[in-house]
2 protein chains.
Amino acid sequence: MVTEQTGTVRTPGRPRSEKAEKAIIDAAIAMIADGTGVAELSIEAIAARAGVGKTTIYRRWSNKEELVVDALASLKAPIPELPGLSVRDDVIRYLAAMQADSHSPRTRCIMNIALGESDRFPHLTERFREIVVRPRREALRSVIQRGVESGELRPDVDVEMAIAALSGAMMFFTKWRDNDDELPADLPDRIADLILSGLRP
Amino acid sequence: MVTEQTGTVRTPGRPRSEKAEKAIIDAAIAMIADGTGVAELSIEAIAARAGVGKTTIYRRWSNKEELVVDALASLKAPIPELPGLSVRDDVIRYLAAMQADSHSPRTRCIMNIALGESDRFPHLTERFREIVVRPRREALRSVIQRGVESGELRPDVDVEMAIAALSGAMMFFTKWRDNDDELPADLPDRIADLILSGLRP
DNA sequence: GCGTTGCGATACTCAACCGTATCGAAATTA
DNA sequence: TAATTTCGATACGGTTGAGTATCGCAACGC
């Protein structure tokens with residue numbers, strides 16, 4: 001999106017409504033969270049839901065993808081707090097947060113877009129990775145790094161593989177399991193124990 | 001789809017063309033593989049691509065999702081051959097096949113649908129799991145079971161977690177990696193070694 | 001040959017939505 | 001106050017595709 005680039009140019013006339021902009025983005029996110037795919041998302045529906053004229057949308061974004069990219073970018077992804085008591089404890093907290101997220105419709109649908117429409121809307125997935133995936137991966141990486149430095153884990157641990165195995169295992173369950181409710185209650189523990197048992201000295 | 005249910009009732013008139021049916025399903029799959037999402041898939045486009053009248057489609061399926069479900073069901077998923085020399089060897093072959101599949105546009109797009117449109121088209125994902133995911137999971141499970149029985153793996157191995165960790169790790173790389181080409185060449189080996197090191201006696 | 005049903009093709013109505021234009025009111029600067 | 005720009009609303013033409021109907025021909029059982 002283009003904002004004013006010339007610094008302190010005071011444009012005459014009525015300024016753009018910050019509130020309308022927020023309403024538009026909120027409406028877009030809400031519709032995505034309701035299960036509407038990017039392809040079916042219509043500008044008219046977003047405008048109606050936001051209580052805004054179509055013009056107000058077209059004045060800011062020239063097409064749908066730009067709008068959705070901005071909407072995704074506005075998402076703050078709260079990363080689970082990892083107190084650093086032990087690698088096992090942090091990893092379990094991390095995985096539990098992943099599992100909890102997977103039950104939020106909002107997170108679910110946004111992840112669906114990131115996963116399923118990645119080939120059709122590359123910018124979008126790129127943005128998603130940058131905002132959601134990368135910081136979480138960094139958090140997990142630092143846990144494992146710390147474990148290596150503290151001697152809790154072997155010095156030759158393949159960190160990227162460990163991250164992939166931990167996240168991937170949870171992803172596997174949350175996406176491909178036949179029905180969620182039959183998952184073991186201690187799923188994060190079991191994943192952590194399985195992977196970490198191969199990483200200890 | 002409804003087939004004749006009353007056994008050997010010979011209906012009068014011209015029989016339905018088996019060829020047309022195949023052409024329709026092939027066209028639908030081809031379009032999906034071309035990157036068309038289920039939502040954008042139009043009956044008219046399918047008919048045109050299949051060289052078939054719209055009527056011929058509507059005579060068989062009452063809506064789009066039914067057709068796509070049938071299309072998915074028609075996919076034969078070739079499962080990699082696992083010669084059973086060793087657990088490590090089989091696992092690596094399995095993972096390598098996963099990675100190779102992820103580069104086929106056909107597999108990619110079908111997986112995208114299964115992943116991304118799962119909430120919107122539940123029947124579809126259910127069918128996908130049944131046809132694609134389950135048999136592969138069984139194949140991997142039997143490899144691990146065999147390893148346990150042969151003493152190659154510990155007797156108390158958490159089989160489901162091992163399956164999830166192995167498949168999930170590969171999935172993680174194929175879906176969430178920033179760019180595929182910088183993946184290590186021995187990715188299957190490294191995943192297998194990391195996970196299996198925690199499963200050995 | 002006759003009745004029946006499927007075939008591909010075409011035409012049709014109906015709805016959704018795109019992107020633009022226009023309107024009077026509101027908000028802001030000069 | 002005047003000029004300017006945005007606001008929400010509405011209207012407009014154009015496109016796409018759904019789902020139905022109809023057509024003349026093809027394929028089958030009797």
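Which residues are the closest to DNA strand C? They are Ser42(A), Gly13(B), Arg14(B), Gly53(B) and Thr56(B), out of 27 residues that surround the strand. The model is predicted. The points below cover the two DNA strands, the contact between chains A and B, the nonpolar core, the domains of chain A and three single residues.

**DNA strand C**

- The elements that each supply at least two residues of the surface near DNA strand C are α2 (43-50) and α3 (54-58) of chain A and α3 (54-58) of chain B.
- By class, the surface near DNA strand C has eight nonpolar, eleven polar and eight charged residues.

**DNA strand D**

- DNA strand D is surrounded by 27 residues, and the closest are Gly13(A), Arg14(A), Gly53(A), Thr56(A) and Ser42(B).
- On the surface near DNA strand D, at least two residues each come from α3 of chain A and from α2 (43-50) and α3 of chain B.
- The surface near DNA strand D is made up of eight nonpolar, eleven polar and eight charged residues.

**Annotated region of chain A**

- The unreviewed UniProt entry lists residues 42-61 of chain A as "DNA-binding region".
- In the model, residues 42-61 of chain A are 65% helix and 0% strand. The C-alpha atoms at the two ends of this stretch are 13 Å apart.

**Contact between chains A and B**

- In the contact between the chains, 36 residues of chain B meet 36 residues of chain A.
- On the side of chain B that touches chain A, α6 (105-116), α7 (122-150), α8 (159-176) and α9 (187-196) of chain B each supply at least two residues.
- The element that gives the most to this side of chain B is α8(B), with twelve residues.
- The residues on the side of chain B that touches chain A comprise 17 nonpolar, nine polar and ten charged.

**Nonpolar core and helix α9(B)**

- The largest nonpolar core has 111 residues. Those that touch the most other members are Ala165(A), Ile191(A), Ala28(B), Ala165(B) and Ile191(B).
- In soluble globular proteins, nonpolar side chains tend to be buried together.
- Helix α9(B) is largely enclosed by the rest of the structure, because seven of its ten residues are buried.
- The buried residues of α9(B) are Leu187(B), Pro188(B), Ile191(B), Ala192(B), Leu194(B), Ile195(B) and Leu196(B).
- These buried residues pack against α8 (159-176) of chain A and against α5 (87-101) and α8 of chain B.
- Ile191(B), one of the buried residues of α9(B), is in contact with Met161(A) and Ala165(A) in chain A, leaving aside its neighbours within four places in sequence. On the same basis, Ile191(B) is in contact with Leu95(B), Leu166(B), Ala169(B) and Met170(B) in chain B.

**Domains of chain A**

- The domain assignment divides chain A into domain 1 (18-73) and domain 2 (78-196).
- The centres of domain 1 and domain 2 of chain A, taken over C-alpha atoms, are separated by 29 Å.
- Ten residues of domain 1 of chain A and twelve residues of domain 2 of chain A take part in the contact.
- On the side of domain 1 of chain A that touches domain 2 of chain A, α1 (18-33) and α4 (64-73) of chain A give two or more residues.
- The most is given by α4(A), with five residues.
- By class, this side of domain 1 of chain A has seven nonpolar, two polar and one charged residues.

**Three single residues**

- Arg16(A) lies in the segment before α1 of chain A. Arg16(A) counts as partly exposed because 14 other C-beta atoms lie within 10 Å. Its C-alpha atom is 36 Å from that of His103(A), 87 residues apart along the chain.
- Ser118(A) lies in the loop between α6 (105-116) and α7 (122-150) of chain A. Ser118(A) has 20 C-beta neighbours inside 10 Å, so Ser118(A) counts as buried. Leaving aside neighbours within four places in sequence, Ser118(A) is in contact with Thr125(A) and with Asn112(B). The C-alpha atoms of Ser118(A) and Phe128(A), ten residues apart along the chain, are separated by 9.7 Å.
- Arg136(B) is part of helix α7 of chain B. With 19 other C-beta atoms within 10 Å, Arg136(B) is partly exposed. Arg136(B) and Arg49(B) are 87 residues apart in sequence, and their C-alpha atoms are 32 Å apart.

Definitions and conventions: Residues are numbered from 1 along each chain as its sequence is written. Chains are lettered from A and ligands numbered from 1 in the order in which they are written. This is a predicted model: local features need pLDDT of at least 70, side-chain atom pairs count only at pLDDT 80 or more; totals for chains, interfaces and linings use all residues. A nonpolar core is a set of buried Ala, Val, Leu, Ile, Met, Phe, Trp, Tyr and Cys residues joined through C-beta atoms within 7 Å. A residue is buried if 20 or more other C-beta atoms lie within 10 Å of its own, exposed if 12 or fewer, and partly exposed in between; C-beta atoms are placed from the backbone. Two residues are in contact if their C-beta atoms, placed from the backbone, lie within 7 Å. UniProt positions are given in the numbering used here, feature names are shortened, and annotations may be inferred rather than shown by experiment. Helices (H or I, at least four residues) and strands (E, at least two) are DSSP runs, numbered from the N terminus. Ala, Val, Leu, Ile, Met, Phe, Trp, Tyr, Cys and Pro count as nonpolar, Asp, Glu, Lys and Arg as charged, and the others, Gly among them, as polar. A residue is near a molecule or strand if its C-beta atom, placed from the backbone, lies within 6 Å of it. Domain bounds come from an automatic or database domain assignment.
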